[in-house]
Amino acid sequence: MPATVQQKEFKLKAANFPQKNGDKVEAEIEGLIGSKGEPAKVLLLKANGEMRALGPRCTHYGAPLVKGVVSDDGRITCPWHGACFDTTDGHVENAPALDHLNAFHIEQRDGDWYIKGDEDSLKDAKRAPNITCSPRSNERIIVVGGGSGCLGAVEGLREKGYTGQITVLSKEPYLPIDRTKLSKALIPDKEKIMWRDADFFKDAGVDVKTGTEVESVDFAGHKLKTKDGQEYTYDKVIFATGGTPKKLPMDGFKKLNNIFVLRDLNNVQQILKAAGDNGKKIAVIGSSFIGMEVGKCLAGKNNNVTIIGMESTPLERVMGKEVGAIFQRQLEKAGVKFYMDAEVEDAKPSSSDSSAVGSVALKDGTNIECDFVILGVGVAPATEYFKSSGIKLEEDGSVKVDDHWRIEGVQDAYAVGDIATYPNGGNMVRIEHWNVAQNAGRQAGRHIANKRKPIPFTPIFWSALGAQLRYCGNSSGKDKHDDVTILGEPGKDKWVAYYTQGERVVAVASQGFDPVVVQCAELMRRSKMLTKSEIKSGKTPLDVYPPAEIRVEA
């Protein structure tokens, strides 16, 4: 941010200042007290031979960026969840952050460093994107869906100068929320997890229609029909409808009450109502991330939680047997019980209420008593509205897109998030996570706005299990790993796992080893990741400075 006459100058104080590219330090701003009564600080870093000054905390959940990763294209990546920022101006480049970092003018005189900025910006050090717009064109883009992909699309469109009409059609009765907090914390209040308020969308010239579900699509006529009988025409459309929780087909699961899925705020409210004052017996079917997270959360509220899984250890298909055993030990320590290698026979009625579930019967004869059941058995792409549209769906119900997220075989239509099978490293993948959806939405929006070329990103996700899990890459489909190398001390929740296919590292997971996963993510997107042999010989990705060669100009 250039210095202006309204800004003040402050001297910076640090034990050592950055000397070479990639160096970073938190410096104290002398004479300025922060919002919490502590000395205000700024992040100083060296990139491309220049000293740069930014807000010191990630705008997502407040991670200290001094522990993040700087790459030679001038990006800094958050050590926790992979948000990326351009260090020249603080702009968000990758999810899950939505707000930019403040960037400040800095200069050196007589061996000392000075920063210029207004006091409020220096104290807060983040800013919402300025996407205020009064639409000046009759062209209309419709975004279908109200989640992470929608947010990325809307902000990508407006930030890159799109001035046409934008309409959001969301079946949910509220504005976009931080869905990741539903399973991790069971937060029932939309106000506490809403990313943007109504005024934000209004100022951006975005017409958000909540409680509006699309029923069918006419690609040739550029029309959408909703379940309430309305018809909408579009010039371009972005589908970001996410996933629909799967259910079990047995009779008991169809007929009995107190059997829940977990996808939206209504589901959270139902679960909390069933839990009441807690102390309940709860059966969670599925040892997926959703099942594990909600199981841990409910056990922490003094409930008796049992997780039922088909694999030998939780998350074995994705994370491998040995890593799955780490997660199982962590949750068992938190009081969760497990039945693994289990096959569910049916849900059985309660002896006191024949309309409600009272137990889950397994095929080996085991009967697990419960007051209610939560299903965490996966999601299916929410693409029912495509069924009569004439386009071909993939076997899993998703749609195939190109590297701009355009749907194959039709014009002016994009798909992002859980519903999209997209090209990644030479393979076609579908990845269900918040970061991927938001990044895809942002890239689709930017492509519509100014034909911006796609910027490669490495899929990143996280989970709140016994300790915070970080994961990057993809180890499914054609990228499925054939070996796992685990380093560190798994028994102390401090480890890193490298998933390899031959010599190639396809994914990395860790607990207590920040920032190794985001470092690997930056190396992967440059094809500079270490090989399996190099890792086994003792080399570490943290010693490899991410080069700049893949940078794509806006």
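**A walk through the predicted model**

At 8% relative accessibility, Thr-212 counts as buried, because the cut-off for that class is under 20%. The model is a predicted one. Thr-212 sits in a loop, the one that joins strand S15 (206–209) to strand S16 (214–218). Setting aside the neighbours within four places in sequence, the residues in contact with Thr-212 are Leu-169, Ser-170, Lys-171, Thr-226 and Tyr-232.

A second loop residue gives the opposite reading. Ser-388 lies between strand S29 (379–381) and strand S30 (399–400), again in a loop. Its relative accessibility is 62%, so Ser-388 counts as exposed; the cut-off for that class is over 50%. Ser-388 also shows how the chain brings distant positions together in space: Asp-218 is 170 residues away along the chain, yet the two C-alpha atoms are separated by 8.7 Å. Residue 218 is also where strand S16 (214–218) ends, the strand that follows the loop of Thr-212.

The view can now be widened to the whole protein. Its secondary structure amounts to 13 helices and 38 strands. Among the contacts with a separation of 6 or more, 60% are between residues 24 or more positions apart. For overall size, a compact globule of 554 residues would have a radius of gyration near 24 Å, and the protein has 24 Å, so the two agree. Along the principal axes, the C-alpha atoms fill a box of roughly 80 × 60 × 50 Å.

Burial and surface come next. Of the 554 residues, 55% count as buried, and Thr-212 is one of the residues in that class. The accessible surface comes to about 23600 Å², and carbon and sulfur atoms hold 45% of that area. As for charge, there are 74 positive and 75 negative side chains, with the centres of the two sets 0 Å apart.

One sheet can be followed strand by strand. Strands of a sheet pair through backbone hydrogen bonds, in either a parallel or an antiparallel sense. Here 4 strands make an open sheet in the order S5-S6-S7-S8, with antiparallel pairing. Strand S5 (69–70) and strand S8 (92–94) are the edge strands, each pairing on one side only. At the S8 end, strand S7 (residues 84–86) pairs with S8 in the antiparallel sense over 2 bridges. Within this pairing, Cys-84 has Asn-94 of S8 as its bridge partner.

Terms used
Residues numbered from 1 in each chain as written. Predicted model: local features only at pLDDT ≥ 70, side-chain atom pairs only at ≥ 80, totals over all residues. Heavy atoms only, no water. Buried < 20%, exposed > 50% of the residue type's maximum accessible area, 1.4 Å probe, protein only. Contact = heavy atoms within 4.5 Å. Rg over C-alpha atoms; globule rule 2.2 N^0.38 Å. Areas by Shrake-Rupley, 256 points an atom, 1.4 Å probe, with all protein chains shown as cover. Lys, Arg positive; Asp, Glu negative; His and termini not counted. Charge placed at Lys NZ, Arg CZ, Asp CG, Glu CD. Pairing = 2+ DSSP bridges.
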